[in-house]
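Trainee: Can we go through this one together? I would like to start with the basics.
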Amino acid sequence: MADIATQSTPEPVVRLRNVTKIYDGQHALRDVSLDVHRGEFLTILGPSGCGKTTILRLMAGFEGATSGSVAIDGRDVTGLPPERRNVNTVFQSYALFPHMNVFDNVAFGLRMKRRPAAEIAREVGDTLRLVQLEGFEGRMVGKLSGGQQQRVAIARAIINRPLVLLLDEPLSALDYRLRKQMQLDLKHLQRKLGITFVLVTHDQEEAFSMSDRVVVMNNGHIEQIGTPVSVYEEPCNLYVARFVGEINIIDAEVVEPGEGRARVRAQGLDVFMRAGHAFKAGDKAHILLRPEDLRVETLKDLAEDPELEDAFSRGRSIFGSVEETIYKGATYDVVVRLDAGGVVTATEFFNEDDETVYFRAGDRVAVSWVEGWEVVLPYEK
Amino acid sequence: MRTLRTVYAGLVYLFLYLPLAVMVAYSFNSSRFSMAWKGVTLDWYVKLFGNSSLMQAALHSLVIAVLSATCSSILGTLVAMALHRWRFPSRKVIRTSLFVMMMSPDIVIGISLLVLFMALSLPLGFWTLLMAHVTLCVPFVAITVFGRLHGFDPHVVEAARDLGAGEYEVFRYVVLPMVFPAVLAGWFLSFTLSVDDVIISFFTTGPTFEVLPLRIYSMVRLGLKPEVNALCAVMILITVVAVMLSQRFLKEKQ
């Protein structure tokens, strides 16, 4: 029944249209439009103060938009108070009721709906089992650990079967290991319940590992929306590229624009590259390369191994000298100063039969990558 | 160094509590007129409880204290909630005026109330005294409750609304239970303020309604009697109990 309804209504579960929010003369959001699809795990990613929490509060009804509209389940909810919206929130501070025990906290929503006591008891039991807090019913919430409080907060929200669960940096107060575990638990919970989750975070790793789609925000507007893979591998501008991971940026000039590709000149290269943007001849551009996509070989090795040299030159290689190597545990970074100016970092795995770092500072090297793995973007100041 | 500190602390306590200790001790002294120690007796306590006009005044004090504490707890809590919840233009003025009321000398409050009651030609007695004590106590309750409201995670109220609670339910099931310890602490504070107030009561009550502190004041004017020592000892006991209870309620559930 629910599935048929979901399929026959392609309309988004939450729709923001041209939403602007001004606090004390400051724009928290500028003309933001966003659709949340039914059943997806959507993450809003951005640095603090970028407006991501404001989006959540607009959906929950704690704030009203200065202009624009918010619709939930196809219905405009402007002016509808939080208690009459079918969404629930998990707060960053958990905001549990300190004078109640676990049972009363979780039962609160159903009691407000005046459900019969027997039904409430059963639902609370089921929900606590779902978040692995069976037997904690009688505990005061102040006596629980951070992770347990977190799970009470989640149970208290999902027991109401909301259309959308809003999570405001729910894992930021937990230590690293617990956070990893909760990320998995949340993901599994979302799949099991089929509820739409909208999560706000500033942690790109968290966003990537949990979400179906990621919304990257900056300074009150949306920079890019896409799957984790597309946001990471096809960032639409330098801000997104930098925010979602390490990136090497090489300045370049477009020599000859083409369909989906462009001839680009940089660092002694003059080759065709994949380019999604419409360039004109003479435009300045950036070539973006992730450290793990780069390959580094010493010129000595290349000279001794024609096969390797052949493979390398079929890609595109830039020359430079190793400046330093940085040990990272599973990998190491090679920092290369390019002959034509600029520095790039390449992430290398340890060689299976040689567990020492291969490169030495001062080594002459060539840096290369697989054709098509680069991203060429218009020049930004 | 350590002994020095202990001695210093001891001196502070001595300075604060020696007079009280002396008075309590003398309430058990069997000598009527002199300050000389003539042995231990409970006579003054027996006399005290046999003195019907004194007991009458004590009852009046108790009634006024309970009523004014209750009224000012309700009013003060409402004031605190209004100040906490809404951002209205006169908000700062009201907050400041609460502190002004707490700081201003009792004699000023007493005289100003007297002038007001006379202007309204209200007969001095039970009602005027009750109003005066409520005026005295409301700021103390409001500040105590406001302090607690301020310490809350503001998201708790939002969480309640998010889970479907309307304005009334938020108040009844979330805000009130959370501030209740502070309200109770305010109640005990008001109770003690009311019980031992002399100056404001002096101006705002009439001969029809005598309260204990005024009665003691007139008794002492005719010479120090051991019954007064006994009475004060009892009042200290009540105050200590009230303060301890209010501290407990404030500490609980922190």
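Trainee: Which domains does the domain assignment of chain A give?
Mentor: Domain 1 (4-241), domain 2 (246-288) and domain 3 (291-370); such bounds come from an automatic or database domain assignment. Before we go on, this is a predicted model, where local features need pLDDT of at least 70 and side-chain atom pairs count only at pLDDT 80 or more, while totals for chains, interfaces and linings use all residues. Residues are numbered from 1 along each chain as its sequence is written, and chains are lettered from A and ligands numbered from 1 in the order in which they are written.
Trainee: What separates the centres of domain 1 and domain 3 of chain A?
Mentor: 43 Å, taken over C-alpha atoms. The C-alpha trace of chain A spans about 80 × 50 × 45 Å along its principal axes.
Trainee: How many helices and strands does chain A have?
Mentor: Chain A has 11 helices and 20 strands. Both are DSSP runs numbered from the N terminus: helices are H or I with at least four residues, strands E with at least two.
Trainee: New topic. How many residues does the contact take from each chain?
Mentor: 16 residues from chain B and 19 residues from chain A. Two residues are in contact if their C-beta atoms, placed from the backbone, lie within 7 Å.
Trainee: And which helix gives the largest share of chain B's side?
Mentor: α7(B), with 6 residues. Both α7 (155-162) and α8 (167-195) of chain B supply at least two residues each to the side that touches chain A.
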